[in-house]
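Below are my notes on the model you sent. They take the DNA contacts before the fold of the protein chain.

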2 protein chains.
Amino acid sequence: MSGRRRGPSTTRQELLDAAREVFADRGDSATTREIAGKAGVDPAMIAHYFGSKGGLFDVVTSLSVDPADVVAPVLEASPDDAARELLTTLIGVWDSHSSMLAALLRTATRNKTLAAQMRTFILDRGIRPVVIRFSPDPSEVETRAALMATQVAGLVLARYVLRWEPIASAEPAWVVEHIAPAVQRYLIGPLE
Amino acid sequence: MSGRRRGPSTTRQELLDAAREVFADRGDSATTREIAGKAGVDPAMIAHYFGSKGGLFDVVTSLSVDPADVVAPVLEASPDDAARELLTTLIGVWDSHSSMLAALLRTATRNKTLAAQMRTFILDRGIRPVVIRFSPDPSEVETRAALMATQVAGLVLARYVLRWEPIASAEPAWVVEHIAPAVQRYLIGPLE
DNA sequence: GACGGAATTCATCACGTGGTGAATTATGAG
DNA sequence: CTCATAATTCACCACGTGATGAATTCCGTC
């Protein structure tokens, strides 16, 4: 039957929830029909509330925090704890936005715009400020940041996208303790 | 005009070349029309030579070597050089199959079957044998292998898929020298 | 309780997808 | 030279996609 449903409308929120799941699974190649299906609603509601599938993707994917803000407290840490602090912070944020992160990376692998945005996200605004703070030799900043990005990106890929065990289900603290040394070395250890 | 072209047919090979490029760019969401277009040929030739788009993808993507074979010589290295040898070997192979690797990972992010295959590829057949050889404490093998996989997967993502500079264009030796220490620590260093 | 506006579904569209089969042309073996 | 066979294009199909607009039903306000 067409026509408005009885009671207060929860459709917009249920679309967001469903979209988060489905986008996290398939990236933006997810289907409006599948999202709407999971939300128990007609696909036309997506256009109604979000203009288009892309609009919905943007909303789902931009509930994001600016990494620069998040990472700011790390700049106050002692040099010995810098990597640990950085990872704790990043994992904290990402664990609570894991479906957004998965959707972003899944899509970024085939979308240059989004790939650039993700590079900025992780490398420019997340990692480089920390490098500049703790290892300010200008001739080394790019190298150190890139190497750190490599390790961090691999963590994201394994934990949130490919969901490799035991990384995917490990406690945040466990992940931090095991990976921080590598990051710490890239940050202030010897280069090569 | 329809009908056979004059001269010997290079179509099959040109389809393979075009497909390697396009699949590397977009993963298997690439279009038969685009591949055929780049090859200067009608899309129907894909079905003719490879049965289906999936068949073409499989062929392009399975020119691959078994990592277990490739990695075998690493098992002879001295413990101090193990990570360096492993990375040198892997990068050597991957640099010469980089489009295949990019296509695989781009697709694996949205395809559970392929994701599992890739996990086997990198972790089970590439990394774990090396861990068992150099760090055979059974209670630690899984952890060490997973941590190494994290770093290696990040390298693949940055160098071949997202093409982050300076990682993407760096000389193999440069990459090995800078990343080997982290891998080496995961392999035989202290855990946490 | 009447009525404007919001919510919802439905039928439908235009389009891009991969795939198929017939028609056409060149090749190469006998 | 002949003719089976392979190579190639073309027209076309069935299908799934995202989107649109009208029709229907409910909500809230006056």
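**Notes on the DNA contacts and chain A**

1. Sugar or phosphate supplies 72% of the atoms of DNA strand C that lie within 4 Å of the protein, and bases supply the rest. Please keep in mind that this is a predicted model.

2. DNA strand C is surrounded by 26 residues. The closest come from both chains: R5(A), T11(A) and D42(A), together with G7(B) and T32(B).

3. Two polar contacts involve phosphate oxygens of DNA strand C: one lies 2.9 Å from a polar side-chain atom of T31(B), and one is 3.0 Å from a polar backbone atom of K53(B). A base is also contacted, with an N or O atom in the side chain of R33(B) 3.0 Å from a base nitrogen of DNA strand C.

4. Which elements give two or more residues to the surface near DNA strand C? They are helix 3 (44-50) of chain A and helix 2 (32-39) of chain B. Helix 3 of chain A gives the most, with four residues.

5. Chain A is built from ten helices and has zero strands. Its C-alpha trace spans about 70 × 30 × 25 Å along the principal axes.

6. Chain A has 192 residues, of which 49% count as buried. Among its contacts with a separation of 6 or more, 66% join residues 24 or more positions apart.

7. The exposed area of chain A is about 8800 Å², and 52% of that area comes from carbon and sulfur atoms. Its side chains include 21 positive and 23 negative ones, and the centres of these two sets are 9 Å apart.

Conventions. Residues are numbered from 1 along each chain as its sequence is written. Chains are lettered from A and ligands numbered from 1 in the order in which they are written. This is a predicted model: local features need pLDDT of at least 70, side-chain atom pairs count only at pLDDT 80 or more; totals for chains, interfaces and linings use all residues. Side-chain values use heavy atoms; hydrogens and water are left out. Buried means under 20% relative accessible area, exposed over 50%, partly exposed in between (1.4 Å probe, protein chains only). Contact means heavy atoms within 4.5 Å. Accessible areas come from the Shrake-Rupley method with a 1.4 Å probe; for residues, only the protein chains shown count as cover. Lys and Arg count as positive and Asp and Glu as negative; His and the chain ends are not counted. The place of a charge is taken as NZ of Lys, CZ of Arg, CG of Asp or CD of Glu. A residue is near a molecule or strand if one of its heavy atoms lies within 4 Å of it. A polar contact is a pair of N or O atoms within 3.5 Å; within protein, one must be able to donate a hydrogen and the other to accept it, and residues adjacent in sequence count only if both atoms are side-chain atoms.
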